[in-house]
Every structure is written in structure tokens, then in C-alpha cells.
Amino acid sequence: MIGVKLTGTLSGWSSPKDVILEVAVIITDKDLNRITQLKRVINNEEPIASIMSRSSEYVQNMHTTNGLILDIERGEGVPLRAAENDLTTLVGGSLPRSLYL
């Protein structure tokens, strides 16, 4: 039997003004051994300074501390649609063919 469990957190997410800046997926086996993973920094059309100016203090502190703001300022991100495609391809490619209808 194969199961898929999707979990996630939106740490500090408090309002619609917050913007997704990073997405990730980790694929494990049934014993939670890591099989593969993918992380993408999101390159939003809007400058990061503008996004941060309306984000909660919690989110601003978190992304300053973890270095995500610097990653975005250095241009290390990809468009949200590209990140979505990468994650979907990774997850779809990791599922056994027997699950496809």
C-alpha cells in the first residue's frame, strides 16, 4: 500500500499581506528516510524591500535571521510558477507508476 501525506507550515503567516518567499518538498519512504528533496526561493515581481515593509515583524525577523532576504536580493530565486512546476514534477516523478490511472 502506498500513501501520500502532505504536510506544511506557514510559520508566522498572519495576513493576506504576507507573500510566499520560499517553498520546499521532502519525499521520504514509509520509514521517513529521505529519498529526495527540493527547495526553491521565490522571485516575486515586487522588490523584497517593499514586501518586507508590509510583512509582520515576526516574518521580517525570521527572513533576516535565516538569510532568505539576502538570497532574494542576490537574485537566487525563480518565478513562483517555475517553482510550482519543479515541485509538481519532483512529486509526480517520485510516485510509483502503479498509482497512475
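Student: What makes the meeting of the Arg40 and Asp86 side chains a salt bridge?

Tutor: Good place to start, and keep in mind that this model is predicted. The N to O distance between Arg40 and Asp86 is 2.8 Å. A salt bridge needs a side-chain nitrogen of Lys or Arg within 4 Å of a carboxyl oxygen of Asp or Glu, so the pair of Arg40 and Asp86 qualifies.

Student: Which parts of the chain does this pair tie together?

Tutor: Arg40 belongs to strand β2 and Asp86 to helix α4 (residues 80-94), so the pair ties together parts that are 46 residues apart in sequence.

Student: Why is Arg40 called partly exposed?

Tutor: Its relative accessible area is 23%. Buried means under 20% and exposed means over 50%, with partly exposed in between, so Arg40 takes the middle label. Asp86, at 28%, counts as partly exposed too.

Student: How do you know that Lys39 forms a salt bridge with Glu22?

Tutor: The closest N and O atoms of Lys39 and Glu22 are 3.4 Å apart. The cut-off is 4 Å, so this pair passes. Lys39 is in strand β2 (residues 34-41) and Glu22 in strand β1 (residues 22-28), 17 residues apart, which makes this a link between distant parts of the chain. Glu22 itself is partly exposed, at 31% relative accessibility.

Student: Where do Glu84 and Arg81 lie, and what is their spacing in residues?

Tutor: Both lie in helix α4, 3 residues apart, about one turn of the helix. They form a salt bridge, with the closest N and O atoms 2.8 Å apart.

Student: Why does Arg81 count as exposed while Glu84 counts as partly exposed?

Tutor: Arg81 has 55% relative accessibility, and exposed means over 50%, so Arg81 earns that label. Glu84 has 40%, which falls between the two limits of 20% and 50%. A network joined by salt bridges that share partners also exists, made of Asp71, Arg74 and Glu76.

Student: How many salt bridges are there in the whole structure?

Tutor: A search of the whole structure gives 7.

Student: Let's turn to the inside. Why is His63 called buried?

Tutor: His63 has a relative accessible area of 10%, and buried means under 20%, so the label fits. His63 sits in helix α2 (residues 57-65). Beyond its neighbours within four places in sequence, His63 contacts Leu21, Met52, Leu68 and Ile69.

Student: Which residues make up the largest nonpolar core?

Tutor: It has 9 residues: Leu21, Val41, Ile48, Ile51, Met52, Val59, Leu68, Ile69 and Ile72. The elements giving two or more residues to this core are α1 (48-53) and α3 (68-73). There is also a second, separate core of 8 residues, including Leu38 and Leu90.

Student: What makes Ser55 buried, and where is Ser55 placed?

Tutor: At 7% relative accessibility, Ser55 is under the 20% limit, so Ser55 counts as buried. Ser55 is in the loop between α1 and α2. Its side chain reaches the backbone oxygen of Ile51 at 2.9 Å.

Student: How do you know that β1 and β2 pair?

Tutor: They are joined over 7 bridges, in the antiparallel sense. Pairing requires at least two bridges, so β1 and β2 meet the requirement. Within this pairing, Val25 stands opposite Leu38 in β2. The hairpin of β1 and β2 has 5 residues between the strands, and Leu32 there takes a positive phi near 65°.

Notes:
Residues are numbered from 1 along each chain as its sequence is written. This is a predicted model: local features need pLDDT of at least 70, side-chain atom pairs count only at pLDDT 80 or more; totals for chains, interfaces and linings use all residues. Side-chain values use heavy atoms; hydrogens and water are left out. Helices (H or I, at least four residues) and strands (E, at least two) are DSSP runs, numbered from the N terminus. Buried means under 20% relative accessible area, exposed over 50%, partly exposed in between (1.4 Å probe, protein chains only). Contact means heavy atoms within 4.5 Å. A nonpolar core is a set of buried Ala, Val, Leu, Ile, Met, Phe, Trp, Tyr and Cys residues joined through side-chain atoms within 4.5 Å. A polar contact is a pair of N or O atoms within 3.5 Å; within protein, one must be able to donate a hydrogen and the other to accept it, and residues adjacent in sequence count only if both atoms are side-chain atoms.
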